[in-house]
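Colleague: I have a few quick questions about this fold, if you have a moment. Could you put it up so that we can both look?

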Amino acid sequence: MITARANYVALAPEAMQILMDQERYLRDRFHASEPLGAAIWELIKLRVSQINQCAFCIDLHSKEALAQGETAERIIGLSAWRDMPLYSAVEEAALAWAEHLTDDRTVDDQMYLNMVNTLGERALLDITLAVNAINGWNRIVKTFKPEVGSYKPR
C-alpha cells in the first residue's frame, strides 16, 4: 500500500503557479463584482467538491468559508440547498449552474438564457471558470491525496 503519493506542487511548480494565478483572478473577480461575492465562490467550490467527493477540498473550503464569515448552518445545508431557505436567488442560480456543469450535462439555450437573465453574462463566465477550476483541483487532489485535515485557513 502506498503511504504517500507524489508532491504535485514540487513536481510541476510552473503548472501549479498557473492554477494559483487562476485562483487569484477568480478571488479578485468574485470579491469585486456584483451580483457575485466571496461567499458564492466558496459555496461553489464546496458544493462541487461534495459532488466529486473530494475530502481534502471539502475540508479546505469548509474551513475557508467559516474563516470568511459563512455560517455553519449554510455549510451544513449546502448538499440540500434546494430545500433550505438559506440561499439567495443568485446563490441558488450559481449552485444550479455549478451542479449542471459538474454533472457534465448539456447547456441548452433556455438554461443559458435563464442564467444570463439571473446572473448576467460576465458573472456567468466567472462562475463557469470557477466551476472548471474546482473540478480540476478536485481531480488533482483526489489523485495525489494530500492529508485530509491538514489545511489551515490564513
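Colleague: Is D104 buried or exposed?

Modeller: This is a predicted model, and in it D104 counts as exposed, at 70% relative accessibility. D104 sits in the loop between α6 and α7, and its phi is near 60°, a positive value in a residue other than glycine.

Colleague: What is usual for phi, in general?

Modeller: Most residues other than glycine have a negative phi.

Colleague: And Q53, what is its phi?

Modeller: Q53 has a positive phi of about 55°, although it is not a glycine. Q53 lies in the loop between α3 and α4, and it is exposed, with a relative accessible area of 62%.

Colleague: Changing topic, how many disulfides does a search of the whole structure find?

Modeller: Zero disulfides turn up when the whole structure is searched.

Colleague: Why is C54 not bonded to C57?

Modeller: Because the sulfur of C54 is 3.3 Å from that of C57, its closest cysteine sulfur, which is too far for a bond, the cut-off for a disulfide being 2.5 Å. As for exposure, C54 is buried with a relative accessible area of 0%, and C57 also counts as buried, at 4%.

Colleague: What about the nonpolar core, how many residues are in the largest one?

Modeller: The largest nonpolar core has 42 residues, and those with the most contacts inside it are F30, I40, I44, L78, M115, L119 and I127. Two or more residues of this core come from each of α2, α3, α4, α6, α7 and α8, with α8 giving the largest share, ten residues.

Colleague: Which residues does I40 touch, leaving aside its neighbours within four places in sequence?

Modeller: With those neighbours left aside, I40 is in contact with F30, P35, V90, E91 and A94.

Colleague: Last topic, then: what is the volume of the largest pocket?

Modeller: The volume of the largest pocket is about 630 Å³. There are 25 residues lining this pocket, and the closest to its centre are M20, E23, L60, Y151 and R154.

Colleague: How does that lining divide into nonpolar, polar and charged?

Modeller: The lining of the largest pocket divides into 15 nonpolar, three polar and seven charged residues.

Colleague: And which helices supply at least two residues of the lining?

Modeller: At least two lining residues are supplied by each of α1 (8-11), α2 (13-32), α3 (38-51), α4 (55-67) and α8 (121-144).

Notes:
Residues are numbered from 1 along each chain as its sequence is written. This is a predicted model: local features need pLDDT of at least 70, side-chain atom pairs count only at pLDDT 80 or more; totals for chains, interfaces and linings use all residues. Side-chain values use heavy atoms; hydrogens and water are left out. Buried means under 20% relative accessible area, exposed over 50%, partly exposed in between (1.4 Å probe, protein chains only). On a 1 Å grid over the protein atoms alone, a cavity is a set of points where a 1.4 Å probe fits but cannot get out, and a pocket is an open set with protein on both sides within 12 Å along at least five of seven lines; lining residues have an atom within 4 Å of a point. Grid points are joined across faces, edges and corners, and a volume is the space filled by probe spheres set on the points. Helices (H or I, at least four residues) and strands (E, at least two) are DSSP runs, numbered from the N terminus. Ala, Val, Leu, Ile, Met, Phe, Trp, Tyr, Cys and Pro count as nonpolar, Asp, Glu, Lys and Arg as charged, and the others, Gly among them, as polar. A nonpolar core is a set of buried Ala, Val, Leu, Ile, Met, Phe, Trp, Tyr and Cys residues joined through side-chain atoms within 4.5 Å. Contact means heavy atoms within 4.5 Å.
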